[in-house]
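Me: I would like to go through this model by question and answer, one topic at a time. Please keep the replies short.

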Amino acid sequence: MRVLYQFPLSHYCEKARWLLDHKELDYVAHNLIPGFHRAFTYLKSGQYLLPMLKDDKRWVADSTQIALYLDTTYPEHALLRRDEQLRKQALEIDKLTDELGVHVRRWSLAHALSVGDHPLEIMMGEQGYLRQFEKISKPILKSLVSNNYKLSPEKVAQSKLRMTELISDLNQRLIDNQGRYMVGDRLGLADISVCSILAPLLVIKGTPWELENDDIEQFDGELKQYYDYLSGLPIGQYVQRIYATERNARVDWRGL
């Protein structure tokens, strides 16, 4: 059985889940404890990145490397086109989303944590040691998140600027391709990358960022403003459409 090691809240792990779902491959999602995951991932793959896929005896880390591995090993439902120009465009967009994801994570986490503990609740999972010792583990986890993701006001403000620049670039690329897909005329790696990385900003239903009762008004001022801004762009509407029509999740994002 394939196993995807993940953090449920990570949009990079959402990307990996979607890659496997797109390929219609069976797998289970297994959660690791933030911080403590490093020893396990280094032992198995020589690095600290999640998501990490175990496929039989192969260990593959990083969502982009997982995509390349899946296309080589399971060519059906290809993520990248054979046409060299389309392949190059898709990999360029995927690289942009790698950078964008850092800034989306920092900015959205900082604002979400300023109004509640919802992100921490997801990180802790529904069972396990973090949940058993919640009173102790939650403040420790919050401190780890703040330090590891550099959630200082200065860094958060810088991330918003860069995030907006990258979104503008991707928005124009979408428009240049007639607005239906990022590259070519069907879903591929570029689309999965863009949609997964932007999902936290759009609180997409059926994802870890979904709001109870779809109540966007519970957002604080800046979160709501950015949600409205992104929803008004072609790329925001595209992400919502692709999730509604082409995100056929086969595994619960909550993991085990």
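The turns below deal with a predicted model and move from its nonpolar cores to single residues.

Me: Which helix gives the most residues to the largest nonpolar core, and how many does it give?
Reply: The largest nonpolar core has 61 residues. Helices that each supply at least two of its residues are α1 (11-22), α3 (63-73), α4 (84-115), α8 (153-176), α9 (189-202), α10 (221-231) and α11 (234-246). The one that gives the most is α9, with 10 residues.

Me: Which residues have the most contacts inside the largest nonpolar core?
Reply: One of the two is Ile235, which touches Leu170, Asn171, Leu174, Val194, Leu198 and Leu230, among others, when residues up to four places away in sequence are not counted. Its list of contacts also includes the other residue of the pair. The two with the most contacts inside the core are Ile167 and Ile235.

Me: How many residues are in the other core, which lies apart?
Reply: Among the members of this other core are Val3, Cys13, Leu50 and Met52. Leu50 also takes part in a cis peptide bond, to Pro51. The number of residues in this core is eight.

Me: What is the omega of the peptide bond from Leu50 to Pro51?
Reply: Pro51 lies in the loop between α2 (37-45) and β3 (52-55). The bond that leads into Pro51 from Leu50 is cis. Its omega is near 10°.

Me: How far apart are the end C-alpha atoms of α8?
Reply: Helix α8 has 24 residues, and at 1.5 Å a residue it should span 34 Å. The separation in the model agrees with that expected span. The end C-alpha atoms are 35 Å apart.

Me: Which elements are included in what covers the buried residues of α8?
Reply: The buried residues of α8 are Val156, Ser159, Met163, Leu166, Ile167, Leu170, Asn171 and Leu174. In an α-helix there are 3.6 residues a turn, so residues three or four places apart point the same way. The cover over the buried residues of α8 includes α4, α9, α10 and α11.

Me: Is Gln178 buried or exposed?
Reply: Gln178 follows α8 and lies in the loop between α8 and α9. Its phi is positive, about 75°, although it is not a glycine. Its relative accessibility is 71%, above the 50% cut-off, so Gln178 counts as exposed.

Me: What is the phi of Asp62?
Reply: Asp62 is found in the loop between β4 (58-61) and α3. Its phi is positive, in a residue other than glycine. The value is near 85°.

Me: Which side chain makes a polar contact with the side chain of Asp191?
Reply: Asp191 is in helix α9 and is buried without a salt bridge. The nearest side chain of opposite charge, Arg81, is 5.1 Å away, whereas a salt bridge needs a distance within 4 Å. Leaving out residues up to four places away in sequence, Asp191 touches Tyr181, Met182, Arg186 and Tyr238. The polar contact, at 2.7 Å, is with the side chain of Tyr238.

Me: What distance separates the C-alpha atoms of Tyr226 and Leu201?
Reply: Tyr226 is in helix α10 and, at 6% relative accessibility, counts as buried. Beyond its neighbours within four places in sequence, Tyr226 is in contact with Trp107, Lys160, Met163, Thr164, Ile167 and Leu201. Tyr226 and Leu201 are 25 residues apart along the chain, and their C-alpha atoms are separated by 7.6 Å.

Conventions. Residues are numbered from 1 along each chain as its sequence is written. This is a predicted model: local features need pLDDT of at least 70, side-chain atom pairs count only at pLDDT 80 or more; totals for chains, interfaces and linings use all residues. Side-chain values use heavy atoms; hydrogens and water are left out. A nonpolar core is a set of buried Ala, Val, Leu, Ile, Met, Phe, Trp, Tyr and Cys residues joined through side-chain atoms within 4.5 Å. Buried means under 20% relative accessible area, exposed over 50%, partly exposed in between (1.4 Å probe, protein chains only). Helices (H or I, at least four residues) and strands (E, at least two) are DSSP runs, numbered from the N terminus. Contact means heavy atoms within 4.5 Å. Lys and Arg count as positive and Asp and Glu as negative; His and the chain ends are not counted. A polar contact is a pair of N or O atoms within 3.5 Å; within protein, one must be able to donate a hydrogen and the other to accept it, and residues adjacent in sequence count only if both atoms are side-chain atoms. The expected span of a helix is 1.5 Å times one less than its number of residues.
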